[in-house]
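Me: I'm new to this structure, and I'd like a close look at one part of it: the salt bridges. Could you walk me through them?

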Amino acid sequence: MTRPAIEVADIVRAKGRQYLEPYQSRVSYQQLKAFRAVERCRTAALGGHKDKCVKCQYEAPHSYNSCRSRCCPKCQAQERRRWLQAQQRDLLNTNYFHVVFTVPHELNPLALTSPRPFLDLLFDASSQALLEVAADPKWLGAEIGFLSILHTWSQTLLGHYHVHCVVPGGGLSRDHQRWISTSHPRFLLPIRVLHTVFRKKFLAGLRQLYRKSLLDCRGPAADFRDPAWFEQLIEELGDKDWYVYAKPPVGGPEHVLGYLGRYTHRMAISNHRIIAFDGEHVSFRWRDYLHGGKQRVMPLDAVEFLRRFFTHVLPRGFVRIRHYGLLSNRFRKQLLPLARTLLAAQDRETMPLPPPPDCGIWHCPAAAHLCASLSASPPHNSISQA
């Protein structure tokens, strides 16, 4: 893939100070940390290195170090490749479904002021809804496993809080003696039941957080201070249809990893979507899903662009890719081999385990061998201090 002409880092270096001036009091420590990482990524401020091949003595030109921040659009491609290679060992020889759980936009202010409890609740409510409905004998009657990935943005970088779940088409019976497949190859679970259970669990959890005073009702969430107003909003949302979407199967196991790669290790916008920056305004491509997914171009003030971008920085240590059921860390070693055995008993061949992930940092373009770092230069003090 060719290098984009305009990057988020270019906009940060050009308009970053103007962004910080009006929003200084509202920028969290994690957002400021992400801002500095993107600003200094692959510059003299972080130092540099030279690589030399241990096989053919090929020596690469001097390269600046990357920031390795999960908020940097330039530093996640390699991490995503490593993660996807590691996930190959968890694939089952069955079809997969894609389910999306979305929170109504009326609750966005709480996500801005109380991101950790709000987003934890989103994970908990969506995962419990999937596990509970799938375990009901009326629908599937199976113990399932799935992967959930958090997204907090829309195509225009506004708040849009939702999780993507990738679910195998079936699960283990209650006694763990057989594999129960979905009743139809293109149907997982009833959507209306899923969104009803998800809505009920999320609103119950939100009430509990509110009663325990775990929600920050300041700034954009100031209206939530009034208990009567809060209860009225909860009742209105309880009568509203929440958006839960399930796609048909995304293909067999050979297609799952490529599909997952579109949703993992992403931060709001990729550099390749930015098409122009004139010093004051940024233009980027976005897909209008309300009108058939047409691709459009949005011009935006550079400071507003940065405000939207850094709004999606997650709290420190927050895990945005989580595993549940059969794929959870607690059960994976015991139940995944059992699931493969039961699938094989249904004439589904066991998938061969892939080789260990290739974690090499750099490969020699001449000999295609792993290269070792030859030397490193310290950060440039004047830039670092600035």
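Reply: Sure, let's start with the count: searching the whole structure turns up 13 salt bridges, a salt bridge being a side-chain nitrogen of Lys or Arg within 4 Å of a carboxyl oxygen of Asp or Glu. Keep in mind that this is a predicted model, where local features need pLDDT of at least 70, side-chain atom pairs count only at pLDDT 80 or more, and totals for chains, interfaces and linings use all residues. Residues are numbered from 1 along each chain as its sequence is written, and side-chain values use heavy atoms, with hydrogens and water left out.

Take Asp90 and Arg332, whose side chains meet in a salt bridge at 3.8 Å, N to O. Asp90 sits in the loop between helix H3 (77–87) and strand E3 (96–102), and Arg332 is in helix H10 (residues 332–345), so this pair ties together parts 242 residues apart in sequence. (Helices, H or I with at least four residues, and strands, E with at least two, are DSSP runs numbered from the N terminus.) Asp90 is buried, at 12% relative accessible area, while Arg332 counts as partly exposed at 21%. Here buried means under 20% relative accessible area, exposed over 50%, and partly exposed in between, using a 1.4 Å probe and protein chains only.

Next come Asp120 and Arg322, with a salt bridge of 2.8 Å, N to O. Asp120 belongs to helix H5 and Arg322 to strand E12 (residues 321–325), so the pair ties together parts that are 202 residues apart in sequence. Asp120 is partly exposed, with a relative accessible area of 24%, and Arg322 counts as buried at 18%.

Helix H5 turns up again in the bridge between Glu132 and Lys201, whose closest N and O atoms are 3.0 Å apart. Glu132 lies in H5 and Lys201 in helix H6 (residues 191–211), so that link joins parts 69 residues apart in sequence. Glu132 counts as partly exposed at 42% relative accessibility, and Lys201 is partly exposed too, at 23%.

There's also a network of salt bridges that links Glu304, Arg307 and Arg308.
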